[in-house]
Amino acid sequence: MMTNNKEVSPISGTNNLLSILLRGSETWNDWRIKNPTVPINLFKANLSNALLRGANFASADFRKAKLFRADLRATCLYRADLRGANLRGANLFGANLSGANLSGANLSNAMLYCANLGGANLRGTILDSANLMRANFSHGDLRNAILRNAKLQGTHFDGTRMLRTDLDEINLSKTQIDGVHLMDIDLNNSAMENAAITGFLIS
């Protein structure tokens, strides 16, 4: 019992949180269940190449964190703050990023296949060469974002805000776009074969 109490003590310092997290996602998720009110402050934390699959990071503070090539498959990042985070090459396959703030984050070459980014703030986010196939960006904010060379087949952009979004050389085949007003958009060399486009206005 003493060991269990020690493991789930309500500590909130970054180093202490990292020590729990690095024991594995199962230990981390168990600790979060027992300490639901402890703020998760991982500001500027270095988690590059970390194995974090399936971890619960809902509402966590990852501002300017280093998550380069981290394994974040099926993680819960609901409403997490990832502003300015380095997620280059990270694996976010099937991750829940709905309502997250990814403004200014670097997700170049990241894997976001089937990820949920509904309602997420992606203003100024770098998604260059990222795999966004079947991802959900519904009602998200992609103003000033860079999606150059990104894979977008089957991606959903229902009601997504796009202003000065860089969509140069992307493949929009089989992409669903509904109720989107694209302003000052770069669509040079972009393929749009079989895209489901309704309520789509470019100006």
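**Exercise 1. Two stacked rings**

Let's start with one residue: Phe137 has a relative accessible area of 1% and counts as buried. Keep in mind that the model you are looking at is predicted. Your task: find out how Phe137 and Phe157 are arranged as an aromatic pair.

*Solution.*
Step 1. A pair of aromatic rings is described by the distance of the centres and the angle of the planes.
Step 2. For Phe137 and Phe157 the centres are 5.3 Å apart, and the planes make an angle of 15 degrees.
Step 3. Planes under 30 degrees apart count as stacked, and the pair of Phe137 and Phe157 is stacked.
Step 4. Now check the partner: Phe157 also has 1% relative accessibility and counts as buried.
Step 5. Both Phe137 and Phe157 sit in the loop between α3 and β1, so their pairing ties together parts that are 20 residues apart in sequence.

**Exercise 2. A tilted pair and its cluster**

Count the aromatic pairs, then describe the one formed by Trp28 and Phe57.

*Solution.*
Step 1. The count of aromatic pairs is five.
Step 2. In the pair of Trp28 and Phe57, the distance is 5.7 Å centre to centre and the planes are 45 degrees apart, which is a tilted arrangement.
Step 3. Next, locate the two residues: Trp28 belongs to helix α3, while Phe57 lies in the loop between α3 and β1. The two are 29 residues apart, and their pair links distant parts of the chain.
Step 4. Are these rings buried or exposed? Trp28 is buried, at 0% relative accessible area, and Phe57 is buried at 0% as well.
Step 5. Finally, look around the pair: Trp28 and Phe57 form one aromatic cluster with Trp31 and Phe62.

**Exercise 3. Salt bridges**

Work out how many salt bridges the structure has, and look at the surroundings of Asp30, Asp71 and Asp141.

*Solution.*
Step 1. Side chains of opposite charge can pair when their charged atoms come close. A search of the whole structure gives five salt bridges.
Step 2. One of them joins Asp30 and Lys34, with 3.0 Å from N to O. Both residues lie in helix α3 (residues 25-34), four residues apart, which is about one turn of the helix. An α-helix has 3.6 residues a turn, so residues three or four places apart point the same way.
Step 3. Asp30 is partly exposed at 33%, and Lys34 is partly exposed at 45%.
Step 4. Asp71 and Arg73 also meet in a salt bridge, at 2.6 Å from N to O. Here Asp71 counts as buried, at 11% relative accessibility, whereas Arg73 is partly exposed at 26%.
Step 5. In the salt bridge of Asp141 with Arg143, the closest N and O atoms are 2.6 Å apart. Asp141 and Arg143 are both buried.

**Exercise 4. One side of a helix**

Which residues of helix α2 are buried, and where do they sit around the axis?

*Solution.*
Step 1. Helix α2 spans residues 14-21, and its buried residues are Leu17, Leu18, Ile20 and Leu21.
Step 2. These four cover an arc of only 160 degrees around the axis, so they lie on the same side of α2.

**Exercise 5. Cysteines and a lysine**

How many disulfides are there? Then describe the surroundings of Lys44.

*Solution.*
Step 1. A disulfide is a covalent bond between the sulfur atoms of two cysteines. The count here is zero disulfides.
Step 2. Cys76 is partly exposed at 24%, and Cys114 is partly exposed at 36%.
Step 3. Turn to Lys44, which lies in the loop between α3 and β1. Lys44 is exposed, with a relative accessible area of 51%.
Step 4. Leaving aside residues up to four places away in sequence, Lys44 touches Arg63, Lys64 and Ala65.
Step 5. The C-alpha atoms of Lys44 and Asn86 are separated by 9.7 Å, while the two residues are 42 residues apart along the chain.

**Exercise 6. The whole protein**

Describe the overall make-up of the protein.

*Solution.*
Step 1. There are three helices and three strands, in the order α-α-α-β-β-β along the sequence.
Step 2. Of the 203 residues in the protein, 43% are buried.
Step 3. The protein exposes about 9800 Å², and carbon and sulfur atoms supply 47% of that area.
Step 4. Among contacts with a separation of 6 or more, 8% are between residues 24 or more positions apart.

Conventions:
Residues numbered from 1 in each chain as written. Predicted model: local features only at pLDDT ≥ 70, side-chain atom pairs only at ≥ 80, totals over all residues. Heavy atoms only, no water. Salt bridge = Lys/Arg side-chain N within 4 Å of Asp/Glu carboxyl O. Buried < 20%, exposed > 50% of the residue type's maximum accessible area, 1.4 Å probe, protein only. Arc of directions from axis to C-beta. Contact = heavy atoms within 4.5 Å. Areas by Shrake-Rupley, 256 points an atom, 1.4 Å probe, with all protein chains shown as cover. Disulfide = S-S within 2.5 Å. Phe/Tyr/Trp six-rings, centres within 6.5 Å; stacked < 30°, edge-to-face > 60°.
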